[in-house]
Amino acid sequence: MKVYALAVLSVPTSGQAVSLASASDLSSFSFYQRGSVAEFMTFFCKTVAERTKAGQRQSVQENAYVAHVYNRGGPDPLCSVVVTDQEYPVRPAFSLLAKILDEYDTAVPVASRSDTSLAPFPAIHSYLSKYQDPKQADNIMKVQAELDETKIILHQTIESVLERGEKLDNLVDRSTALSQQSKMFYKTAKKSLLHMPPTPPNFYQVQLTVLAVFCFAAILLERYVDRRKKAGSNDLGKGIGGERLEEAEPLNDRQGGGSREVSRAVFSALQRNYLFVYAVVMGADWLQGPYVYSLYKDQYEYPERIVALLFVMGFTSAGLTAPLVGVWADKLCFESWLVSASQSTGVSQSDLSTIFGQATLVNGFVASAAGIVSNELVARTEGFTGPFMLSALLLGVSWVMIRGMWTENYGGQDAAGSSTTDFFQITRLRQAWQIVRRDPSLLVLGLTQTCFEGSMYLFVFLWVPSMQEASAAFPGPPLPLGYIFSAFMVSMMLGSLIYTCIATHSLPKSDPPLVLHAKLSSLICLTASLSFAFSYSATSPQTRFWCFCIFEACVGMYYPVQGMLKGTMISNDHRATLAALFRVPLNVFVTGIMLTGVSSNRQLVFSGCTLLLAFSSIMTTLVVVRRTTEQAAAAANGSAGLRPL
């Protein structure tokens, strides 16, 4: 049971009601929504007070809120209103209303009531606090025993107290006392509470726990199967060659008794230095993920179009600079330090691959933990800036760690020399475009990148308002966006594990690796398309949540599949430039959608992404799968090999 607001108003026979004293307890709402909620509560109180006849008591329900009104009438028409939830009992509410009017009439002279600054009424705050527990009204209820409950008119909705032809929606739209933010609060609350089923308490925390347990079990199972597979391979190698494969050490490891131990020590040091820094940097990045939208929309109260423009600025910058920096990717990329350090210290390629695999796993765990930490920070500080402050602190810590643990990597001199002769890399871009024009499969790869990654970037912007729209609790208690974000990250890890199982442990004998990855690419786009289709058609927040989890699992499978296809079908000389070339339509696609005003076209955006992903799936099947199948057949017949272009 909850009392949200208490007000004393002057209600003349003609004209608008005037608030004389008011108090509210909005602690159950998000800190940055309380201004909008307070405005709407004031508007609600005035609306029902103006439509309550002198001498009348009535209770008016609007969605989850009930306004109990008592218009005492008389020469100085006073009216009191208390807004509660639906569980609050009626009689204590009207006992409070009668008591507050009597005390106000005694404490505030009639001549002073026209100026509320000259006639404060602090007792209203103590009554609001005291009556949170309706049992506190027992003594007053005994005094007010003559109150006839049969005179209380109970209305199911506010429309029944409005004049014929009036609608609350129209009153809200025409109101000058409500800000645009408060009007959006009303519309969102009405839609959620009238049409959406309630979400069980701690639903998202429970689902995160289930996903985390399943992911942990999948990791253990994958490691177990991998060890069994390696053990079987080693036994086979011992039977054939008389020597276990794991004992076939490199030559430099056999030349000295301690060289192997030195090599492992170097590997362990490199692994530790890289993964520690990597975890801190990625933690700083992931902390910002759950609440970027809420920071701009709820705390800074920017309209959704302005928030979209802020997102667009990043995509536009990337779209303009991607063709120019693509050829320097190998020199400036964060992971390039690890490659250079491994080469300078003599770490083997297999060990380097192990570190990259561990980094992927660390990234997943860090992302999941970051969502939980950001959620707790927001809950404890009642603001959205906490995760960003911690992110800035972690970035400072990572700088100190890099300075102390990493050696400088200046890159190769050849790349620097070539960049001075052709600064804008026009020649490389022209060559890359000619290659794409000659090979339809590369065009389809670019199409897939545009459709899938474009949908993914739009999802980054849309998932918060979409979950809020589907939640019956919003805009009351805020959604645990951090837990939801962590569930998405665990889902992405599960998608990556599913890919590993398919590509490594369950590789079909009938499909060569490249053909398998082409088919997986088509299947991923189709599954992502269906997840979006079900998400925007679902009214249940639980259904929408699981649809988004499926999409994130597709994201976890997409990147290794697409990386395999690009790595095999595109030569090293043009891989970075082609990647930059593919990013241009991607950024144009995302920017164009953002500028259309996604707040009013959210369902249309999801529908468009659904169709584009389905189209990409079809084109991948018709072009890429067919080409890789033909090349695999030609290679099997010995007439040609699989050549990157």
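In which sense do strands β1 and β2 pair, and over how many bridges? The pairing of β1 (residues 3-10) with β2 (residues 18-24) is antiparallel and runs over six bridges. The model discussed here is predicted.

## Overall composition

The secondary structure of the protein consists of 23 helices and six strands. Of its 645 residues, 47% count as buried. The protein exposes about 31500 Å², and carbon and sulfur atoms supply 60% of that area.

Among contacts in the protein with a separation of 6 or more, 75% are accounted for by residues 24 or more positions apart.

## Strand β1 and its partners

Strand β1 is largely enclosed by the rest of the structure, because eight of its eight residues are buried. Besides β2, strand β5 (residues 78-85) pairs with β1; this pairing is also in the antiparallel sense and extends over seven bridges.

Individual bridge partners can be named for each pairing. Leu6 is bridged to Val82 in β5, while Ser10 has Val18 in β2 as its bridge partner.

## Helix α2

Helix α2 covers residues 90-107 and has 18 residues. At 1.5 Å a residue it should span 26 Å, and its end C-alpha atoms are 26 Å apart, so the expected and modelled spans agree.

Many positions in α2 can be assigned to the interior. The buried residues of this helix include Pro92, Ala93, Phe94, Ser95, Leu96, Leu97 and Ala98. Further along α2, Ile100, Leu101 and Tyr104 are buried as well.

## Ser521 in helix α20

Helix α20 (residues 513-537) contains Ser521. With a relative accessible area of 4%, Ser521 falls under the 20% cut-off and is therefore buried.

When residues up to four places away in sequence are not counted, Ser521 touches Thr448, Val561, Gln562, Leu565 and Thr620.

## A nonpolar surface patch

A nonpolar patch on the surface is formed by Tyr300, Tyr302, Ile306, Leu309, Leu310, Met313 and Leu595. Together these residues have about 610 Å² of accessible area. Helix α11 (residues 304-325) gives the most to the patch, contributing four residues.

Tyr302, one of the patch residues, lies in the loop between α10 (292-299) and α11. Is Tyr302 buried or partly exposed? Its relative accessible area is 34%, so Tyr302 is partly exposed. This value is also over the 30% needed for membership of a patch.

Conventions
Residues numbered from 1 in each chain as written. Predicted model: local features only at pLDDT ≥ 70, side-chain atom pairs only at ≥ 80, totals over all residues. Heavy atoms only, no water. Patch = residues over 30% accessible without salt bridge, like charges linked within 9 Å, V, L, I, M, F, W, Y side chains within 5 Å. Areas by Shrake-Rupley, 256 points an atom, 1.4 Å probe, with all protein chains shown as cover. Salt bridge = Lys/Arg side-chain N within 4 Å of Asp/Glu carboxyl O. Helix = DSSP H or I, 4+ residues; strand = E, 2+ residues; numbered from the N terminus. Buried < 20%, exposed > 50% of the residue type's maximum accessible area, 1.4 Å probe, protein only. Contact = heavy atoms within 4.5 Å. Pairing = 2+ DSSP bridges. Expected span 1.5 Å × (residues − 1).
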